[in-house]
Amino acid sequence: MKRLFVYNTMTRRKEEFKPLREGEVRMYVCGPTVYDYTHLGHARTYIAFDVIRRYLEHIGYTVFMVMNFTDIDDKIIRRAKETGQEPKELAEKFLAHFLRDMNALKVKPADVYPRVTEHIDEIIEFIRRLQERGYAYEGSDGVYFDVSKFMDYGKLSGIDVDELRKGVRVEPGEGKDSPEDFALWKKAKPGEPKWESPWGEGRPGWHIECSAMSSKYLGERFDIHGGGSDLIFPHHENEIAQSEACFGHEWVRYWLHTGFLMVGGEKMSKSLGNFVTIEELLSRYGAETIRLFIIQKHYRSPLEYTEDGMEHARNSLERLYNTMENIRVAMESAEVKFRWGDAEFEFYEELRRAREGFYAAMNDDFNTAEALKYVFLASNAANRYLTRTEHPGTSLLLKAVEFFRAVSDVFGVMEDYFVERSTGLEEELINLLIGVRNELRKEKRYDLADRIREELGSLGVQLEDTPKGTVWKRKMKAGTGR
Ligand code: AMP
Ligand code: ZN
């Protein structure tokens with residue numbers, strides 16, 4: 001396997017990627033605060049990490065991926081008040097939206113999506129440990145992390161604690177000792193959602209959830225922690241302080257951060273209101289165009305959203321589909337070659353270069369922008385080869401298809417060619433027949449009922465009558481060897 005290099009925000013340079021456990025990558029990506037619709041800015045970050053995860057899987061790693069949901073916090077409570085909903089109801093709605101949007105964008109699901117409200121015990125336990133070790137203290141309105149006790153504070157973001165202290169002030173009513181300290185637990189104010197704790201009723205601060213929940217699922221050390229670059233400070237800096245103070249050792253190996261998706265020179269964000277929702281974009285462009293739009297830039301660079309950019313991505317995607325279609329048609333007139341001409345030698349060489357370039361770019365900190373150039377190189381080469389020859393070589397076409405399959409696997413585009421999807425009709429028809437068969441059996445017309453079972457059987461669908469009703473399974477079709 002070729003060596004993979006990733007840019008680590010912690011060391012500010014590219015480092016060779018070596019996971020802590022052989023063959024396995026454990027990663028945590030900070031998930032959304034669910035109080036509004038998912039927008040293209042989120043998609044930028046989550047598609048970027050999806051491609052990273054897909055690439056790691058593609059080159060042979062097993063990836064264990066965790067993404068949290070912040071389903072209780074100030075913003076959720078505020079928005080719920082404004083809209084006259086319960087915070088839980090609001091969070092539930094947007095959490096479901098997020099999952100639906102990610103699925104529609106072909107972002108592979110995380111293995112687990114821990115939610116704050118389902119991990120209050122773990123969070124309390126984490127804060128208790130911090131208090132025991134002398135890093136946390138109780139103030140009038142909550143429990144705080146004592147930044148002055150953690151010597152490495154600032155190592156990720158490069159922030160200087162003295163400067164920080166000058167820049168922030170303790171707000172009236174805040175019970176912290178020093179401006180740079182941050183809340184681990186917030187004591188409940190009237191009317192807010194609350195949980196029992198050793199410090200009275202309240203709820204967790206924002207940062208603590210990621211320390212507590214990541215360690216539950218990934219242990220006290222893991223490989224990759226990611227998020228948008230707005231999370232470097234304070235969120236990730238605070239996560240590091242909490243986790244390393246609690247465990248007493250280095251926590252995460254590689255810190256990866258995505259650049260912003262911008263509109264008119266500003267970050268796309270919920271608070272600025274300059275966002276386009278995924279729902280809207282999906283209806284106009286479809287998932288693969290959105291993915292290609294995002295993939296055309298390296299994940300750490302800023303990416304400006306424009307309609308032109310989206311149109312350009314749509315055209316690029318069309319070109320790829322077109323190439324795949326040309327290859328499919330050409331397959332029919334393809335043959336094994338007994339002699340190569342110039343066209344074969346050249347196409348072979350172009351494919352080899354494209355493949356090599358693609359993997360070299362991806363191994364260089366997942367440089368999808370560069371990798372994509374090689375995808376188009378292969379696409380153009382394939383079209384050129386097909387115009388030059390009447391009977392293309394089967395093996396060469398298969399090589400091209402294999403390359404595009406790899407691209408599809410990693411980028412999540414051209415899936416119409418490579419991912420078999422059921423339309424749902426098959427299942428519906430089988431269930432319909434099962435329903436008819438049950439009716440027939442009720443009327444004791446066993447001859448017809450048995451015929452349905454037998455004929456479905458010969459099509460590779462096996463019916464089983466269980467106490468819970470009739471279920472069906474696919475079985476190998478006789479004679480097809482499948
Ligand atoms: P939030 O729900 O605002 O906490 O955001 C969830 C994730 O999306 C974080 O990792 C953010 O950094 C990321 N994110 C939000 N807006 C943008 C944007 N405009 N560009 C890139 N990432 C973003
Ligand atoms: Zn986090």
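These are my notes on the site around ligand 1 and on a small set of strands in this predicted model.

**Ligand 1, where it sits.** I looked for the pocket first and found ligand 1 in the second largest one. Helix 1 (40-58) and strand 9 (222-228) are the elements that each give two or more residues to the shell around the ligand. Helix 1 has the largest share of that shell, with 4 residues.

**Who is around it.** I got 17 residues surrounding ligand 1, and the closest are T45, G228, D230, L261 and M268. By type, the shell splits into 6 nonpolar, 8 polar and 3 charged residues.

**Polar contacts.** I went through the nitrogen atoms of ligand 1 next. A polar side-chain atom of T45 is 2.7 Å from a ligand nitrogen. L261 uses its backbone instead: an N or O atom there lies 2.8 Å from a nitrogen of ligand 1. I also noted G41, where a polar backbone atom is 3.1 Å from a nitrogen of the ligand. Then I checked how covered ligand 1 is: on its own it exposes 490 Å², and the protein buries 93% of that.

**The strands by L261.** Strand 11 covers residues 261-263, so I followed L261 into its sheet. What is the strand order in this open sheet? I read 12-11-13, 3 strands with mixed pairing. Strand 12 (266-267) and strand 13 (303-304) are the edges, each pairing on one side only. Strands 11 and 13 run parallel and are joined by 2 bridges. Across that pair, I see M262 opposite E304 of strand 13.

Definitions and conventions:
Residues are numbered from 1 along each chain as its sequence is written. Chains are lettered from A and ligands numbered from 1 in the order in which they are written. This is a predicted model: local features need pLDDT of at least 70, side-chain atom pairs count only at pLDDT 80 or more; totals for chains, interfaces and linings use all residues. Side-chain values use heavy atoms; hydrogens and water are left out. A residue is near a molecule or strand if one of its heavy atoms lies within 4 Å of it. A polar contact is a pair of N or O atoms within 3.5 Å; within protein, one must be able to donate a hydrogen and the other to accept it, and residues adjacent in sequence count only if both atoms are side-chain atoms. Accessible areas come from the Shrake-Rupley method with a 1.4 Å probe; for residues, only the protein chains shown count as cover. On a 1 Å grid over the protein atoms alone, a cavity is a set of points where a 1.4 Å probe fits but cannot get out, and a pocket is an open set with protein on both sides within 12 Å along at least five of seven lines; lining residues have an atom within 4 Å of a point. A molecule sits in a cavity or pocket if more than half of its atoms lie within 2 Å of its grid points. Ala, Val, Leu, Ile, Met, Phe, Trp, Tyr, Cys and Pro count as nonpolar, Asp, Glu, Lys and Arg as charged, and the others, Gly among them, as polar. Two strands pair if DSSP finds at least two bridges between them.
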